[in-house]
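User: I'm new to reading protein models. Please pick one part, walk me through it slowly, and explain each term when it comes up.

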Amino acid sequence: MQQGQPMIIMGDDAQRVKDKDAQEYNISAARGVAESVRSTLGPKGMDKMLVDSMGDVTITNDGVTILQTMDIDNPTAEMIVEVAETQEDEAGDGTTSAVAIAGELLKNAEDLLEQDIHPTAVIKGFNLASEYAREQVDEIATEVEPDDTETLKNVAETSMTGKGAELDKETLADLVVRAIQGVTVEADDGSHVVDLANLNIETRTGRAAGESELLSGAVIDKDPVHDDMPTDFESADVLLLNDPIEVEEADVDTSVNVDSPDQLQKFLDQEEKQLRDKVDTIVESGADVVFCQKGIDDLAQHYLAKEGVLAVRRTKKSDLSFLKNVLGAPIVTDLDSLTADDLAVGSVERDEEEGLFYVEGEDAHGVTLLLYGTTDHVVDELERGIEDAIDVVATTVSDGRTLPGGGAIEVELARRLRDYADSVSGREQLAVEAFADSLELIPRVLAENAGLDAIDLLVDLRAAHEAGDAHAGLNVFSGEVVDTAEAGVVETAQAKEQAISSAAEAANLVLKIDDIISAGDLSTGGDDDEGGAPAGGMGGMGGMGGAM
């Protein structure tokens, strides 16, 4: 108050949610995101159909794809989406698990808050539990060598199970492992580095996934620019070009006044000479094949065909970068500076039936995984599954550790955390126990998604782990507790460590907020009232319901 008048600090449109209401608002939003992907977890998980504003349809059960495609209009919910994105970037898989654990941590934290336990005590307990759990992951993990093909195949199959690649997972897992081993190099310190820049994925429709193949070199889905061009070379000088073979245009708008037909002809002759000079530069360098990222003029196409040069235009930037790795050639950005040193030797072969070029370098290495699927939706989901498998196998090779799957590691960590909680003093002990309960969400959801009795199976799993079987996990197909490591259900240790770490940090970030001040509507979109929260009330997740 100032001389009897209220002091205005916030604008009329500003919204504020405080204390317990803010905590409830944040936890509700975060849990909403986590629960939206929970049903996709595991081999028996269901798929989501996502339709964007343009009408494009995506059918997937890949956690990060679902969350990135959904129209989420809530700042707290977007923080949980970041968990999935971080998990995808760092480990390549386990996005659904990370988000689900984060949601369960917040659910259990809410119970603690209702018991008047301060958020800082919960946060400290979660930090202690997260650190201890990651230490135990390293202790439980099994060492694996880069040449242990059988284990790597199991890792790939575990990642693909429940996704579009499941029916042909043995064949595809073999392709993935061979691809990773083909681009793995040993560093000076003895560690193994997987260079995924030398691995490319190309997709085609019309054939079964089991017909997919691993090819040495690059696959380019383009046609020659002229029908009279040669298409096959055993040993060709290849030019990678990021400069148009077209008439150069002025940087500013210009106009040309022509008074007679002779002047027009001179103008056209000059353009033709420009194109002829560009083609002569290519021919004089000794190039037999040109992969151009930009356009190629029709007249230049004619000249190149007459010279017996194969040219491909509008080559994708990603394909050109991959060709650079396969051939060991630089990408030329200025045709005037082209020399013979800018070319690389490689073989080029045309598959007319598939409409593909196969390019293989002499010295440099690179492999292409050619994936087939019956329809566009099938092959898109297959590609997502294969990319996850590639990432986890690559992580396993470089990290060298695996864990039993099927919920085995979560139940074992929960058991050890409960023992550890006895040594933790204060109210943090309750938070550590809540963390242990949260980890057991994974086997519980695996069972639920498979139509099994989650309570009975969780009791059986706990009993097996109490008896000393650290590898006891759930076989969702038989509904029995088995040694999952022996059954070939294995995960990478780094993905599990990352999931635990990112879930705990995201939950703590949400719990530490006790005041939300928004300049306007409490949504990230800023339009409509959907997703906003009235002062002291609960907000929604704008746009989310419509996207699901």
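Analyst: Let's start with helix H5, whose buried residues (under 20% relative accessible area with a 1.4 Å probe, protein chains only; exposed is over 50% and partly exposed lies in between) are Pro 119, Ala 121, Val 122, Ile 123, Gly 125, Phe 126, Ala 129, Ser 130, Ala 133, Gln 136, Val 137 and Ile 140. Keep in mind that this is a predicted model, where local features need pLDDT of at least 70 and side-chain atom pairs count only at pLDDT 80 or more, while totals for chains, interfaces and linings use all residues. Numbering starts from 1 along each chain as its sequence is written, and side-chain values use heavy atoms, without hydrogens and water.

H5 covers residues 119–140. Its 22 residues should span 32 Å at 1.5 Å a residue (1.5 Å times one less than the number of residues), and its end C-alpha atoms lie 31 Å apart, which agrees.

Now let's follow the chain to helix H6 (residues 149–160), whose axis comes within 8 Å of that of helix H11 (residues 376–399). These axes are lines fitted to C-alpha atoms over the stretch in contact, with angles from 0 to 180 degrees between N-to-C directions. H6 and H11 cross at roughly 145°.

Which residues of H6 and H11 meet? From H6 come Leu 152, Val 155, Ala 156, Ser 159 and Met 160, and from H11 come Gly 385, Ile 386, Asp 388, Ala 389, Val 392, Val 393, Thr 396 and Val 397. The contact (heavy atoms within 4.5 Å) is made by 9 nonpolar residues, 3 polar and 1 charged. Here Ala, Val, Leu, Ile, Met, Phe, Trp, Tyr, Cys and Pro count as nonpolar, Asp, Glu, Lys and Arg as charged, and the others, Gly among them, as polar.

Thr 151 also sits in H6. Is Thr 151 buried or exposed? Its relative accessibility is 19%, so Thr 151 counts as buried. Setting aside neighbours within four places in sequence, Thr 151 touches Val 144, Thr 402 and Val 490.

Finally, let's step back to the whole protein. It has 17 helices and 21 strands, taken as DSSP runs (H or I of at least four residues for helices, E of at least two for strands) and numbered from the N terminus. Of its 548 residues, 50% count as buried. Among contacts with a separation of 6 or more, 76% are between residues 24 or more positions apart.
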